[in-house]
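Please look over the chain shown here. The report takes it from overall form down to single residues.

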Amino acid sequence: MRYQAFRFVGYEFSAVDRTLQLHYGYDNALRFTETYRFDFDFVPYDPLALDIALQNLFFLAGVSYYKAFIPGEIRVEAGTIDQPLADFLSKTYRCGLGEFWYVNQLSPHTPVDFPVNADSVKPADTIGKGLLVGLGGGKDSLVSVELLRKTDQTITTWSLGHRAQLAPLVERTGLPHYWVERSWDSQLQTLNEQDAYNGHIPISAIIAAVGTVVCILTGQRDHVVSNEQSANEPTLIYDGAEINHQYSKSQEFERDYQALLRARFGDTQRYYSLLRPLSELRIAELFAENSFTKYHDVFSSCNTAFRRSSNRMLWDGTCAKCAFIFLVLTPFVDRPALETVFGGKNLLRDASLDPTYRQLLGIGGEKPLDCVGEVRESRYAMKLARQHYPGLSRYAFKLDDSYDFRTIHRHEIPDEIWAQVNEFVDSGSSPE
């Protein structure tokens, strides 16, 4: 079915009910409502600052509904969009939907034009302090938590959805935590079963915007995420365009969102990835050193853990994410302990995963459309894994001898935070 326009109809926030409702539509035929529930007490906040953050979320979360039919027109019936915000939204939708264009065989050059309805947006300052760390359930955010424990920073954590699965992990951290639940409009599933498009969205962009809202409601200044250097690597090239499954985890998006926050809040609301300077392999090493023993039975980086009806974490042992995590932890975690995490399975000896490992190593098709590391770090991890499993020499690949997985890369971390964290992550050259 074709529609002329996608509509940003309105948004409603209730401090009494601690809920936010976002309303979208297509022409005069379809209406959608998405709901967020903030399960924590609010501190005093500036209504203008909150409204700015809510609008950013309103516009970014609309991508879930916009992608259903990709109409030629976007109508903004509530909220204020100046040219910088319009440019940010257009770019985030277009690039963040890269995998969606590819999977649905649509042009990655499809224009996504947000209308401008204001010359400027009045900025607001907040008075928050402290670090709010997003918890996703995997090793990366736990590395961020344990690194920040070593500093003198005040840290709290938050999460979006999946409370049943995350509750044991949250309890294990022993830190104050803020729960947020997101409810999609159920019509989406029905439409997806009919003629609507479906596919990957820039979910981390939405999470970034929710995190800013949580910061304002809880009196925090910094929203800290845990996106690593490898999120910058494109997954594949399609119709002349780079397609990055992790675009909204990339440094490019991070810089763009930081620029938006500076325009709206000055330096009073910040967003950055604590792990941007690090490779996935270095993060795996830090996790093994500081976090594996503590969290081995309550963490998961497997997407299936958040798709099935379950009240606990799990690893399906069949996906690209599981295969990659097993590979990068192999050089640093004892074999019995690592196999226990994966239900007693050794994924490097699972013949069914051979095609997946070839994809990860760049020797057997395109890199998986999943949150996995760079080809070169998968190769280096495989090199280290061969010390434990000589049979892995069956994977033939070239390795850049100059590659050092402990290299510290450029990042967007504030100087005063990096000064405290740097000494715990910069530990010299890689082992042979």
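The sections below cover the fold, the cores, the internal spaces and a handful of residues.

## Overall form

This is a predicted model. The chain has 432 residues, and its radius of gyration is 22 Å. A compact globule with that number of residues would have a value near 22 Å, so the chain agrees with the rule. Along the principal axes, the C-alpha atoms fill a box of roughly 65 × 50 × 40 Å.

The secondary structure comes to 16 helices and 11 strands. Of the 432 residues, 59% count as buried. Sequence-distant contacts are well represented. Among contacts between residues at least 6 apart in sequence, 71% join residues at least 24 apart.

## Two nonpolar cores

The largest nonpolar core has 75 residues. Phe8, Tyr36 and Leu57 have the most contacts inside it. A second core, separate from the largest, has 71 residues. Its members include Leu281, Leu286, Met313 and Val341.

Which residues does Tyr36 contact, leaving aside neighbours within four places in sequence? Leu57 is one of them. Tyr36 also touches Leu20, Leu22, Ala61, Leu160, Val180, Ile206 and Val210. The list further holds Arg18, Thr19, Glu181 and Arg182.

## The cavity

A search of the whole structure finds one cavity of 30 Å³ or more. The volume of the largest cavity is about 30 Å³. Its lining consists of Gln229, Ser279, Glu374, Arg376, Tyr403, Asp404, Phe405 and His409. By class, that lining has three charged, three polar and two nonpolar residues.

## The second largest pocket

The second largest pocket holds about 280 Å³ of space. Of its 15 lining residues, Cys95, Glu242, Asn244, Tyr247 and Glu252 are the closest to the centre. The lining has seven nonpolar, five polar and three charged residues.

Which elements each supply at least two residues of this lining? They are helix H3 (83-96), helix H4 (98-103) and strand E10 (241-243). The largest share comes from E10, with three residues.

## Two buried helix residues

Tyr65 is found in helix H2 (residues 63-66). Its relative accessibility is 0%, so Tyr65 counts as buried. Leaving aside neighbours within four places in sequence, its contacts include the aromatic residues Phe6, Tyr24, Tyr26, Phe32 and Trp184. Glu34, Asp185 and Leu188 are in contact with Tyr65 too. Arg7 is 58 residues from Tyr65 along the chain, and their C-alpha atoms are separated by 9.7 Å.

Thr356 lies in helix H14 (residues 354-360). Is Thr356 buried or exposed? Its relative accessible area is 13%, under the 20% cut-off, so Thr356 is buried. Not counting residues up to four places away in sequence, Thr356 touches Ala320 and Ala323.

## Phe332, a loop residue

Phe332 sits in the loop between helix H12 (320-329) and helix H13 (335-341). At 22% relative accessibility, Phe332 counts as partly exposed. Not counting residues up to four places away in sequence, Phe332 touches Leu281, Ala284, Glu285, Ala288 and Phe405. Two of these partners appear above. Leu281 belongs to the second core, and Phe405 lines the largest cavity.

Ser107 is 225 residues from Phe332 along the chain. The C-alpha atoms of this pair are separated by 42 Å.

## Positive phi in two loops

Most residues other than glycine have a negative phi. Two loop residues depart from that pattern here. His162 is not a glycine, yet its phi is positive, at about 55°. His162 lies in the loop between strand E6 (155-160) and helix H6 (163-173). At 33% relative accessibility, His162 counts as partly exposed.

Asp239 also has a positive phi, near 50°. The loop that holds Asp239 runs between strand E9 (236-238) and E10. With 48% relative accessibility, Asp239 counts as partly exposed. E10, at the other side of that loop from E9, is also the strand that gives three residues to the lining of the second largest pocket.

Definitions and conventions. Residues numbered from 1 in each chain as written. Predicted model: local features only at pLDDT ≥ 70, side-chain atom pairs only at ≥ 80, totals over all residues. Heavy atoms only, no water. Helix = DSSP H or I, 4+ residues; strand = E, 2+ residues; numbered from the N terminus. Buried < 20%, exposed > 50% of the residue type's maximum accessible area, 1.4 Å probe, protein only. Contact = heavy atoms within 4.5 Å. 1 Å grid on protein atoms, 1.4 Å probe; cavity = no way out; pocket = protein on both sides within 12 Å on 5 of 7 lines; lining within 4 Å. Points joined across faces, edges and corners; volume = space filled by probe spheres on them. Nonpolar A, V, L, I, M, F, W, Y, C, P; charged D, E, K, R; others polar. Core = buried A, V, L, I, M, F, W, Y, C linked by side-chain atoms within 4.5 Å. Rg over C-alpha atoms; globule rule 2.2 N^0.38 Å.
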